[in-house]
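Morning, everyone. I'd like to take a few minutes on helix packing. Have a look at the model first.

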Amino acid sequence: MANQKETHELENQVDKFTEALATARRMQQDWLNYGLNFIHIYVEDVDGDWLETWEDVELAGHSLLDTIKEFLVSDDDVAIRVRQHLKERSLFDLAVNLEEYWRISKADERLSAVINLLADDVSSETDFDLLHLADSLLAKLAEIL
């Protein structure tokens, strides 16, 4: 039985390797057929400034997440209320989601997303309390970001 499981796992690994090898060969053939223009097949915005701004985007995104994480573990009243509300839920997951939701351009959509993020089925808080907490959280984030 154990031998069959190991054989099955090995077959899966071989299949994945075969697929990766086929992809690499296809890419190499495209390179031979189209020269450097083959990149247009694999990169959407090849003529954009994505390469020049890559590091800036990475640093800005990382800094935003770090700032949110630092706020969530701070002694700020809003951060304390958020931690109390979350109980055992992950602060890191909340920070990652808040970073993502911060990019939502419409304020009412961002507020709705944060309310849904904070909401849980076992919460005893009323909708008004949750709305107030989410609104306070977004106001604090606006201050620090």
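H6 and H7 cross with a right-handed sense. Keep in mind that this is a predicted model. H6 covers residues 107-118, and H7 covers residues 127-144. Their axes lie 9 Å apart, and the packing angle is about 120 degrees. The roughly perpendicular range stops at 115 degrees and roughly antiparallel means over 145, so H6 counts as oblique to H7.

Who makes the contact? On the H6 side we have Arg110, Leu111, Val114, Ile115 and Leu118. H7 answers with Leu130, Leu131, Leu133, Ala134, Asp135, Leu137 and Leu138. By class, that is 10 nonpolar residues and two charged ones. There are no polar residues in this contact.

Stay with Arg110 for a moment. It is one of the H6 residues that touch H7. Arginine 110 also sits over the face of tryptophan 102. The distance to the ring centre is 4.5 Å. What about aromatic pairs: how many does the structure hold? Zero.

Now the other partner of H7. That is H4, residues 77-86. Here the angle is about 135 degrees, with the axes 10 Å apart. Again, roughly antiparallel needs over 145 degrees, so H4 is oblique to H7. The handedness is where to look next. H4 crosses H7 in a left-handed way, while the crossing of H6 and H7 is right-handed.

Which residues meet? From H4, they are Val78, Arg81, Val82 and His85. From H7, they are Leu130, His132, Leu133, Ser136, Leu137 and Lys140. This contact splits into five nonpolar, three polar and two charged residues.

One last point, on H7 itself. Leu130, Leu133 and Leu137 appear in the contact with H6, and Leu130, Leu133 and Leu137 appear again in the contact with H4. I'll stop there.

Methods
Residues are numbered from 1 along each chain as its sequence is written. This is a predicted model: local features need pLDDT of at least 70, side-chain atom pairs count only at pLDDT 80 or more; totals for chains, interfaces and linings use all residues. Side-chain values use heavy atoms; hydrogens and water are left out. Axes are lines fitted to C-alpha atoms, for helices over the stretch in contact, and angles run from 0 to 180 degrees between N-to-C directions. Helices (H or I, at least four residues) and strands (E, at least two) are DSSP runs, numbered from the N terminus. Angles under 35 degrees count as roughly parallel, over 145 as roughly antiparallel, 65 to 115 as roughly perpendicular and the rest as oblique. A crossing is left-handed if the near helix is turned anticlockwise from the far one by less than a right angle, and right-handed if clockwise. Contact means heavy atoms within 4.5 Å. Ala, Val, Leu, Ile, Met, Phe, Trp, Tyr, Cys and Pro count as nonpolar, Asp, Glu, Lys and Arg as charged, and the others, Gly among them, as polar. Rings of Phe, Tyr and Trp (its six-membered ring) pair if their centres lie within 6.5 Å; planes under 30 degrees apart count as stacked, over 60 as edge-to-face and the rest as tilted. A charge sits over a ring if NZ of Lys or CZ of Arg is within 6 Å of the ring centre and within 35 degrees of the ring normal.
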